[in-house]
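Colleague: I would like a close look at one part of this model. Start at the nucleic acid, then place it in the rest of the chain.

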Amino acid sequence: MHVAKVIVDVPAGQIDHSFDYLIPQEWEDIIVPGIRVIVPFGPRKIQGIVVDTYMKTEETEFKLKAIDEPMDVTPVLTPELLQLANQLSEETLCFHIAALQVMLPAAMKAKYKKKVVLKSEPIPPEFLPLFQKGNIVSWEKAMELNLVPTLQRKARAKEIDFEIIYEVKEKNRKKVIKHVCLNIDRKMVDNEIDKLPPQAGKQKELLEILKNQQESIPIPELTKDYGISTATIRSLADKGIVKHLDVEVYRNPFEHKEFKRTEPLPLTAEQQKAIIPILKSVEEQSYESFLLYGVTGSGKTEVYLQTIQEVLKKGQEAIVLVPEISLTPQMVDRFKGRFGDQVAVLHSGLSIGEKYDEWRKIHRKEVKVVVGARSAIFAPFENLGVIIIDEEHESSYKQEENPKYHARDVAKLRGAYHQCPVILGSATPSLESFARAQKGVYTLLELSRRMNDRDLPSVEIVDMREELRSGNRSMFSTKLVELLQNRMEKKEQSVLFLNKRGYSSFVMCRDCGYVMNCPNCDLSMTYHRASSEMKCHYCDYRALVPTTCPECTSTYIRYFGTGTQKVEEEIARLFPEARVIRMDVDTTGRKGAHEKLLSAFERGEADILLGTQMIAKGLDFPNITLVGVLSADTMLHLPDFRASEKTFQLLTQVSGRAGRHEKPGEVVIQTYTPEHYSIELSGSQDYLAFYQKEMITRKQFQYPPFYYLTLINISHEEVMKAASIAENITSYLEKNLSSSSIILGPVASPIARINNRYRYQCLVKYKREPELTKHLKKIVHQFQEDKRNNGVYVSVDVQPYVLM
DNA sequence: AGCACGCCGACT
DNA sequence: GTCGGCGTGCTC
């Protein structure tokens, strides 16, 4: 008898191991590792994933329950991915099921339904409202009508008999289109047409169409193109001449889009030089990491494209990761244009069903290339030839929920498994990556010149303190106003960039300084114009906008810094004739709105594009000759050791938007701290100088890439409890880690309370700590599951990006 | 996590 | 004497 090791869909510490189940004989060929199954678990039925199988002797056989049924015909996870899930759960300290689940499209997550089945007759009168439509009803309905206790009582008294059943459902079904096809022999069709009465013209017409068609015809096509109604089809179906048929289709998010085929462009000398070692690695099938450091507009994408071309020639597959925010239609166009139908696209803009379809194309080997955001790194390819991570420095490659993985680390594991190159591309590499390239861990490849030798835009840094001193209190410097005016006259386009953070809109009393805070969290609440209410971003608490100050009853209370909206108003005041497109959460919320706004701007329907982070990337329009950064330093002062790096990267990215084509570009960066090196050096676009300067700071303050980090978060409803557990954890680490490691804390988190839970943290900095994972596991188990610590929550983030 | 089981106080 | 509150322990 075969036995399957199954990881079940229960995210809990005590359940985080495999459970053994017998494989029923009839499924023995189907149930192999990587198959999803439905298994009995206690009284219920749940989804699980088979991770291993083995043969077992009789003695233990009777103790095991059997698998109910498989949910797949072929494995949804390869042996490689199953093993990768193990590594992930080990390294990021997440549950096995979480690591497995992150590799599958959301549509495959099970949904559970609990139902009540009445097994005895007749139905007692008090249950009639419940069992109106038969003897099976949902548990929710039984609860709603408050009949569950009565059911239990009656069953105990043996007056009735009922059962609770548990169902496992797939969240998403395959999309089908109803088709019609002949139900009789093709040769008999003429015969049938003759038999039909003369007035059945439409029916005859339909049969004629079907006669000349080898395959079935979709009903929508029949009604639209041939004007044949469903009634016509039905009457023929009733006669048994035609039949209905469900044909599975892919949802196609690019249905109405034509992709212009592109041919490989001739490479510049620099590109040529960069691609040679990559192609060598592709050819030799050796695992090697490359850092492709190329200034904005230097043609990194063409290097990717031609590398992929070679990979495809060898019959291998490619994964391309792109940050969510720059997965724009332009980006998709470039890959679809070169590789056509061989490309699947995975990004958050797709519906669950669309993602599922794209995933199935990969799974069925119908595509060879995946372009996608973070989670596309888990694409179930089995013959990978290259992994490319574009904009490698982007923090969106780190997932902030469990499993807290970094796509770059996963890429390296997969690259090593498949023995293929991993290419990390960026104009502003992360310090970690550049340092590794310096050390020779990565092979450094450089593209130092823009395509067509276009100059980098000239950047001017404007000191806003000076502006203030000379009496300009607006958010636009004289210089920026002047240049905007100039572009309007020349009919050229401008992009205005607002660093969103620090600009969130909050309500403050002008008299006493009262700021409206969330009652559950230690944070100020944000004002939402759309719903005209105050919201907390962390716990979903909502409140009305106050009209008078709750502290001092002043009516001089108003909202501050609405970011883009406020800037838009100001532009309207300065340039009444300007046409502005605003891009922020409010205007791009709906699906496709993002693309619509961008293409409107591309068509020249506006003079100024105003937006947040989301416009920093990918934007590549010839008519943009001016970029303005309204406030460069808003994120410089966040409690984050990467603040300087992020500022430099963002400013460099934004500057790169200007003058990418024939017309030269200009950039204006407004700041209150022009002397800060991350701002100063972004002005001269000097990455190397920034790298050197920032490395000194990192070394001095013992941060990556000189030290690794691990952050432990502790939260509890009571401050004292959180603090004391944090204290215990810290002293445990101090006792057990090497003396070269630095343990900071415990301290209250920068956001000291979320959802009425007090938060403490402890930060470990280390160079070498081989036993760290072991200790962290112990901590999570001991402090999380100790009954005396009831209600404590301990979470670990290995190599964190967010320290709040 | 969910669910059952079981032991206590508050009712008919 | 029964109902249902939640604390405890288990799920192959």
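Colleague: How many residues surround DNA strand C, and which are the closest?

Modeller: Keep in mind that this is a predicted model. DNA strand C is surrounded by 13 residues. The closest are I15, D20, G42, K65 and R153. Of the atoms of DNA strand C that come within 4 Å of the protein, 50% are sugar and phosphate. By class, the surrounding surface has seven nonpolar, two polar and four charged residues.

Now the polar contacts to DNA strand C. D20 uses its backbone: an N or O atom there lies 2.7 Å from a sugar or linking oxygen of the strand. G42 also offers a polar backbone atom, 3.0 Å from a sugar or linking oxygen of DNA strand C. Y21 works through its side chain, where an N or O atom is 3.3 Å from a phosphate oxygen of DNA strand C. Three elements give two or more residues to this surface: β2 (19–22), β3 (36–41) and α5 (148–156).

DNA strand B makes a useful companion view. The residues around DNA strand B are V10, P11, A12, Q14, I15, P43, R44, K114 and Y166. I15 is therefore a name to follow in both views, given that near means a heavy atom within 4 Å. I15 is among the closest residues to DNA strand C, and I15 is also listed around DNA strand B. By class, the surface near DNA strand B has six nonpolar, one polar and two charged residues.

Which parts of DNA strand B face the protein? Within 4 Å of the protein, 61% of the atoms of DNA strand B belong to sugar or phosphate, and the rest to bases. The polar contacts involve both kinds of partner. Q14 places a polar side-chain atom 3.3 Å from a base nitrogen of DNA strand B. For R44, an N or O atom of the side chain is 3.3 Å from a base nitrogen of DNA strand B. K114 goes to the backbone of the DNA instead: a side-chain N or O atom is 3.5 Å from a phosphate oxygen of DNA strand B.

Next, some landmarks elsewhere in the protein, in sequence order. Helix α7 (residues 201–211) has Q203, L206, L207, I209 and L210 as its buried residues. Seen down the axis of α7, these fall within an arc of 160°, so they line one face of the helix.

Helix α15 (residues 431–439) holds A437. A437 is buried, at a relative accessible area of 8%. S289 is 148 residues away from A437 along the chain, yet their C-alpha atoms are separated by 9.1 Å. Beyond its neighbours within four places in sequence, A437 is in contact with L291, Y442 and L444.

Then strand β27 (residues 608–611). I608 and L610 point one way, L609 and G611 the other, and all are buried. β27 pairs in the parallel sense with strand β20 (residues 493–497) over four bridges. Strand β26 (residues 580–583) also runs parallel to β27, joined by four bridges. I608 appears in both pairings: I608 is the bridge partner of S494, and I608 is the bridge partner of V580 as well.

N520 sits in the loop between β21 (506–509) and β22 (526–528). N520 counts as buried, at 17% relative accessibility. Its contacts, leaving aside neighbours within four places in sequence, are C539, Y541, R753, I754, N755 and N756.

Last stop, strand β30 (residues 708–716). Eight of its nine residues are buried, so β30 is largely enclosed by the rest of the structure. β30 pairs with strand β32 (residues 757–766) in the antiparallel sense over nine bridges. Within that pairing, N713 has Q761 as its bridge partner. β30 also runs antiparallel to strand β33 (residues 793–798), with six bridges joining them. There, I714 stands opposite V794.

Key
Residues numbered from 1 in each chain as written. Chains lettered and ligands numbered in written order. Predicted model: local features only at pLDDT ≥ 70, side-chain atom pairs only at ≥ 80, totals over all residues. Heavy atoms only, no water. Buried < 20%, exposed > 50% of the residue type's maximum accessible area, 1.4 Å probe, protein only. Arc of directions from axis to C-beta. Pairing = 2+ DSSP bridges. Polar contact = N/O pair within 3.5 Å; in protein donor to acceptor, adjacent residues only side chain to side chain. Nonpolar A, V, L, I, M, F, W, Y, C, P; charged D, E, K, R; others polar. Contact = heavy atoms within 4.5 Å.
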